[in-house]
Amino acid sequence: MNVLVINCGSSSLKFQLIRSETEDVLAKGVCERIGIEGSRIVYQPEGAEKISKEIPMNDHTKAVELVLESLTDPENGVIESLAQIHAIGHRVVHGGEDFESSVLIDDDVIRAIEACSELAPLHNPANLIGINVCRKLMPGVPMAAVFDTAFHQTMPKKAFLYGLPYEAYTKDRIRRYGFHGTSHSYVSRRIAEVLGKKPEDLKTIVCHLGNGSSVCAVDRGRSVDTSMGFTPLAGVLMGTRCGDIDPAILEYYEKKEGMDIHQVMDVLNKQSGVAGLSGLSSDFRDLSDAAAAGDERSQTALDTFCYQVAKYIGSYVAAMNGVDVIVFTAGIGENNAVVRKGVFKYLGYLGVKLDEEANTRRGEEIRLSTADSTTPVYVIPTNEELMIARETVALAEK
Ligand code: ADP
């Protein structure tokens with residue numbers, strides 16, 4: 001079965017066509033700057049060079065049309081006709097409490113995703129546009145919604161409730177939801193395979209460290225706690241997001257700097273994190289290079305990040321009363337030796353020692369801890385698209 005995986009943002013659309021039997025990526029790409037001047041599509045068939053074309057895309061309908069044209073293009077396409085797309089899997093950011101697993105999309109599902117839009121106003125409306133365009137252009141093709149929040153719906157109340165009036169939860173739906181669920185789910189299953197164990201036999205801590213970062217406690221295959229919260233702003237500090245801060249800062253900062261709440265939120269989302277601390281960059285490559293060259297603020301940003309990740313790991317060891325394996329994933333977790341080493345510094349109490357040679361490797365599935373470490377630490381490259389394709393196939397075949 002060929003599955004088209006779509007991740008539709010407000011001005012971008014990422015896609016992959018995956019053959020489910022072999023799990024090969026037949027083609028992938030991205031449409032950028034949709035609805036903005038200078039829009040372009042980057043398309044890459046399996047085993048070939050990227051093809052980048054600047055083409056006006058006024059809306060997402062045009063973007064999806066271009067994706068379908070690229071996939072079926074006589075010269076660079078990978079399928080002969082649209083009939084060879086057998087199912088479509090959509091990434092949806094927020095499923096609220098309505099979805100604890102992926103679902104086939106119908107009118108009721110669309111209404112429920114719409115109802116979650118107020119919880120994720122930047123993401124769900126864009127995800128819905130992608131769904132609606134695909135329904136229009138490819139009617140009759142089974143489509144699945146795969147939610148970033150679904151994996152975390154197994155969290156117990158004590159982990160997802162905030163210390164607010166209970167009605168904030170019951171009436172206003174304010175609680176921890178958690179994100180990156182598709183990644184945490186994929187990585188926690190994959191590490192079980194690597195260790196030759198069942199997910200049900202493992203206490204795993206997954207550190208998804210990318211532009212957005214979150215740490216997750218996976219107890220016997222189920223998410224029991226995670227660092228992102230009501231929104232992806234919470235948890236460890238990130239590229240530009242502040243992570244956990246004292247909520248009273250908002251009012252104080254607003255008054256002190258003469259900003260309104262929207263401006264404060266903009267600072268917390270876009271001008272904080274390691275970018276804010278370093279004053280240099282949100283990209284950890286830049287920070288590692290600058291720190292190595294003696295830039296103190298970049299070093300402080302890196303230290304703060306590693307310290308906060310390590311504190312979350314510690315708190316999840318407590319939450320699960322132990323840990324069997326720790327995994328790093330996503331752009332930083334898979335590639336950044338400085339950050340990995342920085343987090344390892346705090347893991348001595350778990351009997352963890354860093355294999356310096358392994359830590360030089362990038363983007364590989366590898367054990368980072370030495371053979372004599374009590375608790376193994378691994379890198380498992382994440383693959384959210386593959387996970388979405390698998391979920392879609394399982395639903396479409398039902
Ligand atoms: P997103 O959350 O947008 O998917 P990523 O998971 O790609 O982001 O993470 C982005 C971060 O990962 C950046 O800080 C970057 O420095 C780092 N990163 C990504 N790829 C590499 C690489 N090949 N080598 C070193 N660092 C990388």
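## A helix on the outside

Let's start at the end of one helix: right after α7 comes G258, a residue with a positive phi, near 60 degrees. Helix α7 itself covers residues 248–257, and it is hardly covered by the rest of the chain: of its ten residues, the count that are buried is zero. Here, buried means under 20% relative accessible area, exposed means over 50%, and partly exposed lies in between, using a 1.4 Å probe and protein chains only. Helices are DSSP runs of H or I with at least four residues, strands are runs of E with at least two, and both are numbered from the N terminus.

Before going further, please keep in mind that this is a predicted model, in which local features need pLDDT of at least 70, side-chain atom pairs count only at pLDDT 80 or more, and totals for chains, interfaces and linings use all residues. Residues are numbered from 1 along each chain as its sequence is written, and side-chain values use heavy atoms, with hydrogens and water left out.

## The whole chain

How many helices and strands are there in the chain? There are 14 helices and 14 strands. The radius of gyration is 21 Å, close to the 21 Å that the globule rule gives for 398 residues, so the chain is as compact as a globular protein of that length. This radius is taken over C-alpha atoms, and the globule rule is 2.2 Å times the number of residues to the power 0.38. Along the principal axes, the C-alpha atoms fill a box of roughly 55 × 55 × 45 Å.

Of the 398 residues, 50% count as buried. The chain exposes about 18500 Å², and carbon and sulfur atoms supply 49% of that area. Such areas come from the Shrake-Rupley method with a 1.4 Å probe, and for residues only the protein chains shown count as cover. Contacts tell us about the fold too: among those between residues at least 6 apart in sequence, 60% join residues at least 24 apart. A contact means heavy atoms within 4.5 Å.

## Charges

The chain has 41 positive and 55 negative charges, and their mean positions are 4 Å apart. Lys and Arg count as positive and Asp and Glu as negative, while His and the chain ends are not counted. Each charge is placed at NZ of Lys, CZ of Arg, CG of Asp or CD of Glu.

## Cysteines without a partner

How many disulfides does a search of the whole structure find? It finds zero, where a disulfide is a pair of cysteine sulfur atoms within 2.5 Å. Take C116: the closest cysteine sulfur, in C8, is 17 Å from its own, too far for a bond. C116 is buried, with a relative accessible area of 0%.

C216 can be described in a similar way. The closest cysteine sulfur to that of C216 belongs to C207 and is 9.9 Å away, too far for a bond. C216 is buried, and its relative accessible area is 0%.

## Positive phi in two loops

Two residues are worth finding in the loops. E23 has a positive phi of about 60 degrees although it is not a glycine. You will find E23 in the loop between β2 (13–19) and β3 (24–32), where it is partly exposed at 33% relative accessible area.

R220 is also a residue other than glycine with a positive phi, near 50 degrees. R220 sits in the loop between β10 (213–219) and β11 (222–226) and counts as partly exposed, at 44% relative accessibility.

## Residues and their contacts

The next three residues are buried, and for each one the contacts leave aside neighbours within four places in sequence. S117 lies in the loop between α2 (107–115) and α3 (124–137). S117 is buried at 15% relative accessible area and touches N124, P125 and L128. S183 belongs to helix α6 (residues 181–195) and is buried at 0% relative accessibility. The contacts of S183 are H208, T329, T382 and E384.

Is N359 buried or exposed? N359 is buried, at 4% relative accessibility, and its place is the loop between α13 (337–344) and β13 (366–367). N359 is in contact with A337, R340, K341, L354 and L368. From N359 to V379 the C-alpha distance is 9.4 Å, with their places 20 residues apart in sequence.
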